[in-house]
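Student: Could you take me through one part of this model closely, the packing inside it, and then show me how the surrounding pieces fit in? I would like one connected account rather than a list.

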Amino acid sequence: MNPEWGEDRLAEKVLIVDDSVSMRQMERMILTQAGYEVVEASDGKDALSKLSADISVVVTDLNMPNMNGVELVEAIRAGDVNRSVPILILTTESESEKKRQGKEAGATAWLTKPFEQHQLLKAVRKISEKVRF
Amino acid sequence: MSASDPPATFREEAGELLDRLEAVLIRLEATPDAPELIDEAFRSLHTIKGSGSMLGFDELASFTHIVEAAFALVRDGHAKISGSLIELGLQARDHIAAIMASPELDDQTRGDGERILEQLRAAYPALASESRPQASSVSATAGPASVAIGSADAVGSDVATTGASGGETTFRIQFAPKAQLFRIGANPILLLKELRELGETVIIGFTDRLPALDELDPEACYLRWDILLTTEAEENAVRDVFIFVEDGAEIRIDEIDGGNLEDSDIDYKRIGEILVSRGLVTPEEIQLAVNEKRYLGDVLVEKGLLTSDQVNAALQEQQYVRGRRETRQRAAAESQQSIKVDTRKLDSLVNLVGEFVAEHATLAQIAAESGDGKLTSVSERLESLIREVRDVAMDLHMVPVEMLFSTFRRLVRDLSRELGKEVRLQLEGTDTELDKNVIERLRDPMLHIIRNSLDHGLEPPDERVRAGKPREGTLRVAASYSGAHVLIRVSDDGGGINRDAVWRKAVERGLLTGDEEMEPQEIYDLICAPGFSTTDTATNVSGRGVGMDVVRSNIEGLGGSIHIDSEEGHGTIINIRIPLTLAIVEGLLVRVSDQYYLVNLANVLECIDFSTVNRHSSDRQLVEYRGSLVPFFDLDSYFSADDGSDGSAVDKQLIVVSSDGRTVGLLVDEVYDTFQSVIKSLGKMYENVPGVSGAVILGDRRLALMLDVDRLTRNGVRH
């Protein structure tokens, strides 16, 4: 769709974690249009079960039932599967404390809701670049 | 609902969340000390807010934000759950459902929402500081912009817009990552790239910590950098670039040059001062080194106090800041280098340049006839110089239409009061520039059009409300460039033009017989016909029917055209096209019989040998042109009042011209070159001769008449 994002990309896999179906749909639309492959999870526990070695980036909400975003980041970093995967946390601006917690748990970057389509793409692209270094 | 329709999914989802919220609140009433219920209520509201804001449900998001904040207070132990919070929560739930149901809120629903928020604020004073969440205000106040380390572009652009008022600041950033930087997954190069996106940078790398090859750990970071960054962003935004590596690096950020002119001592700091401010040496050490009366840097390096890299970095800083300050001073000086000139002097300059252009045409002709190569080359060089002088002179003469447009504000304000109407005036493209003389001559026609719009176009408030429109009417005046022309568009959202009324009036006035078939466009054109007015009782605002025909002839006198379009009930648009400048036109010189004519090059589409043109099989007055049929006429018969047999048209040339979307062909005997010239008026006696709009003097002192293409195409199409 958008050559800037879609070009020469070997369908990288992004795991999106959110309990809101509409958020997941929206993220899926944005990412698949840019050529990414998307795996969805509805909370932290679900995400852990779907995290595999071929996931390039995790995009997660913070407020979720079962296991929240900060706990998910901690669990990924302490786990055995793909522990260094770049993680983008989605916050709202009333959650500056959560953002800190997310960072301390090992999140790679954050993005504040509401965001624009291109902001999500840039963030995902940049943090996936970072690990290739 | 299809899977790819997030707004629809959101409605469904929000409905479920609201149901759950309701159930939770009712359970809370029975068991108020259940933290998991509070948490669930909070989470439902939080999801509604978050997803809603993403999907543009702003009203919903800002309302939900405050309700959510109340539950957050309880969840975090800052407040106690109470019966009234549960009651308000339920009301809020209903209100959110109401917002979901109708995107356009009526006053009562909105009032309900306000009341709920007021009661919440009364019960929880800590909420007073909570307000509508807005991405833009957040990045300005809260520091961390939308995206952290991973996507600097968003940070950069947000900050650039919000911090612009403070002007540019230069920061010195000393960035020394610890050896384990790579192990926490950070890439320093990306951080530098991010800084570069914030503004202008000088990046100086240091290799002094690099060990010998056999001691080198490939996974450790030995490099460090000094960065000079000139940016509109604030220090916090610069600091945010490093937020994810704060623990993995030593970072020192100093402001070394503010944007204001007060501290613009060109010399900036001495090298010693820079080194001290970088915390590399003490003032005492500098003093000792200075006493040696050699280059300071050399001494310090020799003494082992500094590396040469460090001295170089300080020198670069000195040079960079000096450069910035010089640029700034020059810019400040330049901005004052304008002088006021009497406009009459400008006018005479433009006229002289026009004469210059015309006179040169004579020279060019003499040169061409003489066959003298030297003379020709002088003439050609002169021509290009004259062209440059002309462009400069024209540019001096241009002023923004703001000058004219700004006078409309008062007019609209006063008139709308007088007429009992509510009107919002919207001015656009006010920085579009036009020849000063054109602007002056546009004033009267524009005022007339605006009066018409206010008087006849926009309806009284009550009538607008009955028609389902906002009480306040909108009058928009917009200017924009369009090739060698400026397009001025006056549009209103009023009642539009009633074509039947125009038609009847035209028949009444004897302008039409009543049998004609007319396109809507042609009917609107009637409004500009001499002696036409749709209101019998002329008001003192738009005058007594002398209206639009005078407006049209004024605008045509400027070489422009006017075009009316309207939709009944929805409004009227008046497009005015005006050439950028009056003084000089570029035209195509043609001959008809023994008379020369100039056709404005802006109107010419193509010149075709008439013998190659296909005539329409039944209507001999039509030719095929690029897939459509175009009327044409012979200028010879047009000007000689001869009835025009087309038998002699064999050697003729067809010039296809267009104006205002009307295309016609004009038959001429011969086509010469393009020709630039000053257009002279034909004087009072001849100013209304149909088909010509002025005269030019040719190189050989003969006269050519300027064809009035607008008029000719109108005639041609009606023909």
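Tutor: Happy to; what follows starts from the nonpolar core and works outwards to chain A, then to the rings and loops of chain B.

Please keep in mind that this is a predicted model. The largest nonpolar core has 65 residues. The residues with the most contacts inside this core are A:L31, A:V59, A:L88, A:L120, A:V124 and B:L120. Its largest share, 10 residues, is supplied by helix 3 of chain B, residues 58-75. In soluble globular proteins, nonpolar side chains tend to be buried together.

Let us look closely at A:L88. Once its neighbours within four places in sequence are set aside, A:L88 is in contact with A:V58, A:V59, A:T60, A:A109, A:W110, A:L111, A:L120, A:A123, A:V124 and A:I127. Among these partners are A:V59, A:L120 and A:V124, which are also listed with the most contacts inside the core. Separate from this core there is a second one of 46 residues, and it includes B:F408, B:V423, B:V486 and B:F532.

Now for the chain around A:L88. Chain A comes to 6 helices and 5 strands, and along the sequence they follow the pattern α-β-α-β-α-β-α-β-α-β-α. Of its 133 residues, 58% count as buried. Among contacts in chain A between residues at least 6 apart in sequence, 62% join residues at least 24 apart.

Another core residue, A:L31, brings us to helix 2 of chain A, where A:L31 is one of the buried residues. The buried set of this helix also includes A:M23, A:M26 and A:I30, together with the polar or charged A:S22, A:R24, A:Q25 and A:E27. Helix 2 has 13 residues, 21-33, which should span 18 Å at 1.5 Å a residue; the end C-alpha atoms are 18 Å apart, so the two values agree. After the helix comes A:G35, with a positive phi near 95 degrees.

Two loops of chain A have backbone details that you may want to check. A:N82 lies between helix 4 (69-78) and strand 4 (87-92). Its phi is near 45 degrees, a positive value in a residue other than glycine. A:N82 counts as buried because its relative accessibility is 18%, under the 20% cut-off. Further along, A:P114 lies in the loop between strand 5 (109-113) and helix 6 (117-132). The peptide bond from A:K113 to A:P114 is cis, with omega near -5 degrees.

Chain B offers a comparable backbone case in B:R626, which is not a glycine but has a positive phi of about 45 degrees. This residue lies in the loop between strand 15 (622-625) and strand 16 (628-634) of chain B. B:R626 has 68% relative accessibility and therefore counts as exposed.

Next, the rings. Over all chains there are 9 aromatic pairs. In one of them, B:F633 and B:Y638 are tilted, at 5.4 Å centre to centre with 35 degrees between the planes. B:F633 is buried at 8% relative accessibility, whereas B:Y638 is partly exposed at 27%. B:Y638 also pairs with B:F639: the ring centres are 5.0 Å apart and the planes are at 85 degrees, so this pair is edge-to-face. B:F639 counts as partly exposed, at 28% relative accessibility. Ring pairs join B:Y597, B:F633, B:Y638 and B:F639 into a cluster.

Rings in chain B also meet charged groups. B:R75 lies over the face of B:F42, 4.1 Å from the ring centre. In a second case, the charged end of B:R224 sits over the ring of B:F206, 4.3 Å from its centre.

As for cysteines, the count of disulfides is 0 over all chains. B:C221 is buried, at 4% relative accessibility, while B:C607 is partly exposed at 35%.

One last stop is B:S681, in the loop between strand 19 (670-678) and strand 20 (692-697) of chain B. B:S681 is exposed, with a relative accessible area of 63%. Its C-alpha atom is separated by 5.0 Å from that of B:G694, a residue 13 places away along the chain.

Note on methods: Residues are numbered from 1 along each chain as its sequence is written. Chains are lettered from A and ligands numbered from 1 in the order in which they are written. This is a predicted model: local features need pLDDT of at least 70, side-chain atom pairs count only at pLDDT 80 or more; totals for chains, interfaces and linings use all residues. Side-chain values use heavy atoms; hydrogens and water are left out. A nonpolar core is a set of buried Ala, Val, Leu, Ile, Met, Phe, Trp, Tyr and Cys residues joined through side-chain atoms within 4.5 Å. Buried means under 20% relative accessible area, exposed over 50%, partly exposed in between (1.4 Å probe, protein chains only). Helices (H or I, at least four residues) and strands (E, at least two) are DSSP runs, numbered from the N terminus. Contact means heavy atoms within 4.5 Å. A disulfide is a pair of cysteine sulfur atoms within 2.5 Å. Rings of Phe, Tyr and Trp (its six-membered ring) pair if their centres lie within 6.5 Å; planes under 30 degrees apart count as stacked, over 60 as edge-to-face and the rest as tilted. A charge sits over a ring if NZ of Lys or CZ of Arg is within 6 Å of the ring centre and within 35 degrees of the ring normal. The expected span of a helix is 1.5 Å times one less than its number of residues.
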